[in-house]
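Reader: Could you show me how to read a protein model, feature by feature? I am happy at the bench but new to structures.

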Amino acid sequence: MIKSFFACSLVLLCSSLTEAAILSNIQLLPAIPDISLICVLYFSLQNGKLLGETTGFISGLCLDFLTAGPFGLNCLLRTLLGFLGGIFNKILNTEGFFIPCLLGFCATIIKALLLWGISFIFPASMVSYTPISWFFLFELGINTLLTPLIFKFLSLFKNALVVRPEAVI
């Protein structure tokens, strides 16, 4: 489990750096694809709630350090999404195209709804996007289309990223 945790943490660090350093500087993109969210979703679906929460927290921590958002916001969002993904551990078949697309779609909508709800509690400290905007629709579309590709890429390293079935909690 320790080996899988460190391998997942390394993948999340690389995906967070890619989002914050490379994708955020491309002027043609109206919104940044959330690669680390998709990775957390994959890890939680393959490994369960415990590793889903932990990798969600690690990815949120990386993004909180790399972005200018309120500290702890990404940790909270991604920990919750890691837990929710871990509920469906080993239940859903993530090998195809349609189910991963649906999972990426749902995870992006849940993230937007959580951000929208938190913006009501802390209106002055965070900027939230409205669910019916081009910014959100682009992020929703690109996350939906990237999810099967990222799932397929991460499945190439399944031996290092997935905990043995008897160790899953």
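Author: We will go from the overall fold to one helix and then to a surface patch. This is a predicted model, where local features need pLDDT of at least 70, side-chain atom pairs count only at pLDDT 80 or more, and totals for chains, interfaces and linings use all residues. Residues are numbered from 1 along each chain as its sequence is written, and side-chain values use heavy atoms, with hydrogens and water left out.

Reader: How many helices and strands are there in the protein?

Author: Helices (H or I, at least four residues) and strands (E, at least two) are DSSP runs, numbered from the N terminus. Here the protein has seven helices and zero strands.

Reader: What is the span of helix H5?

Author: The expected span of a helix is 1.5 Å times one less than its number of residues. For the 24 residues of H5 (residues 98–121) that gives 34 Å, and the end C-alpha atoms are 35 Å apart, which agrees.

Reader: Which residues of H5 are buried?

Author: Buried means under 20% relative accessible area, exposed over 50%, and partly exposed in between (1.4 Å probe, protein chains only). In H5 the buried residues include Pro100, Cys101, Leu103 and Gly104. Their cover includes helix H2 (35–47), helix H4 (73–87) and helix H6 (134–155).

Reader: And Ile110, is it buried or partly exposed?

Author: Ile110 also lies in helix H5, but Ile110 is partly exposed, because its relative accessible area is 32%.

Reader: How much of the whole protein is buried?

Author: Buried residues make up 44% of the 169 residues.

Technical notes
Contact means heavy atoms within 4.5 Å.
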